[in-house]
Amino acid sequence: MNGTPRALNRVLLFIIGVKLLAIGLLLLLLATVPAVATWWHGWSASVWAGAENAFRQTHLPGREESWLWIVAGLILVAIIIAMIAWLSQQGKGRANLLVASDDDSDVDGEVRIGGGVAEQALRAALSERTDLAGASVATVEVKGKPGLRIRIQPRQGVAPHLLAAEVSQLVEALDLVIGQKTPVLVHMVSGARSKFTKAERVR
């Protein structure tokens, strides 16, 4: 129930991890293997000489600067735009509005209930339970419709199926208050104080 591009994030983390591992391995070899250090000095010197030659041969007309700097600047701008687009996708799927419906009264208008209302009501009810080590509630958007994601961490020895049923009763009571049946994901997680495996319940 979240639009975060997890697959893309994992691919990027894998690529970054491989690069950092390669850099670390290269630094280790440079410090411990003389043959690798000799090869590196020769290779880096040739690369630097090639780069200087390329910049000398690509001067702008009537100027000493190379047009390669413009290309490098455009590449950096493209990278920055791609990073901004990637960051904007993180956490996508959150919703601010839970209910939006026309009012049946004689006065024209629309009834809107923010997701914060449901979140605060459920958090207040769950915070009073001594059988929970932690709880969080978030309003999310799934296929264009708002829903609730309830994440709870039961304490050790608490029956998960009974807890899920009681949380469902809280949600049903909330549905009566707001006048609309809301899709809900009850997500149970294990932690240091709970030993049963993760379970999920969707209604």
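1. Trp-69 is exposed, with a relative accessible area of 58%. This tryptophan counts as exposed because its value lies over 50%. Trp-69 is found in helix H3, which covers residues 68-89. Its C-alpha atom is separated by 8.7 Å from that of Phe-55, a residue 14 places away along the chain. The reader should keep in mind that the structure is a predicted model.

2. Confidence should be considered before the details. The mean pLDDT of the protein chain is 80, and 84% of its residues reach 70 or more. Helix H1 (residues 6-32) has the highest confidence, at 90, whereas strand E6 (residues 199-202) has the lowest, at a mean of 44. Over residues 193-203 the pLDDT stays under 50, and the model has 38 contacts beyond four places in sequence for this stretch. Where pLDDT is low, the predicted coordinates should not be read in detail.

3. What is the overall make-up of the protein chain in helices and strands? There are five helices and six strands. Their order along the sequence follows the pattern α-α-α-β-β-α-β-β-α-β-β. Of the 203 residues, 23% count as buried. The protein chain exposes about 14,100 Å², and carbon and sulfur atoms supply 64% of this area. Among contacts between residues at least 6 apart in sequence, 51% join residues at least 24 apart.

4. Strands E3 and E4 deserve attention as a pair. Strand E3 spans residues 132-142, and strand E4 spans residues 145-154. The two pair in the antiparallel sense over 10 bridges. They form a hairpin with two residues between them, and Lys-143 in the turn has a positive phi of about 55°. Within this pairing, Ser-136 stands opposite Arg-151 in E4.

5. In which sense, parallel or antiparallel, do E4 and E5 pair? Strands E4 and E5 pair in the parallel sense, over five bridges. Leu-148 stands opposite Val-184 in E5, and the bridge partner of Arg-151 in E5 is His-187. Arg-151 therefore has a partner in E3, namely Ser-136, as well as His-187 in E5. Helix H5 (residues 160-178) joins the description here: E4, H5 and E5 make a right-handed β-α-β unit.

6. Are the residues of strand E5 mostly covered or mostly uncovered? Strand E5 (residues 184-188) is mostly covered, with five of its five residues buried. Both faces contribute to this result: Val-184, Val-186 and Met-188 are buried on one side, and Leu-185 and His-187 are buried on the other.

7. The largest nonpolar core has 21 residues. Those with the most contacts inside it are Leu-126, Leu-148, Ile-150, Ile-152, Leu-163 and Val-167. The elements that give two or more residues to this core are strand E1 (97-102), helix H4 (115-127), strand E3, strand E4, helix H5 and strand E5. Helix H5 gives the most, with six residues. Leu-148, named above as standing opposite Val-184 in E5, is thus also listed among the core residues with the most contacts.

8. Which residues does Leu-126 touch, not counting residues up to four places away in sequence? The residues are Leu-132, Ala-135, Val-137, Ile-150, Ile-152, Val-167 and Leu-170. Among them, Ile-150, Ile-152 and Val-167 also appear in the list of core residues with the most contacts.

9. Gln-120 is found in helix H4, an element that gives two or more residues to the core. Is Gln-120 buried or exposed? Gln-120 counts as exposed because its relative accessibility is 54%, and the cut-off is over 50%. Gln-120 and Ala-138 are 18 residues apart in sequence, and their C-alpha atoms are 9.6 Å apart in space.

Conventions:
Residues are numbered from 1 along each chain as its sequence is written. This is a predicted model: local features need pLDDT of at least 70, side-chain atom pairs count only at pLDDT 80 or more; totals for chains, interfaces and linings use all residues. Side-chain values use heavy atoms; hydrogens and water are left out. Buried means under 20% relative accessible area, exposed over 50%, partly exposed in between (1.4 Å probe, protein chains only). Helices (H or I, at least four residues) and strands (E, at least two) are DSSP runs, numbered from the N terminus. A crossover is right-handed if, with the strands pointing away from the viewer, the path from the first strand over the helix to the second runs clockwise. Contact means heavy atoms within 4.5 Å. Accessible areas come from the Shrake-Rupley method with a 1.4 Å probe; for residues, only the protein chains shown count as cover. pLDDT is the predictor's confidence in each residue, from 0 to 100. A nonpolar core is a set of buried Ala, Val, Leu, Ile, Met, Phe, Trp, Tyr and Cys residues joined through side-chain atoms within 4.5 Å.
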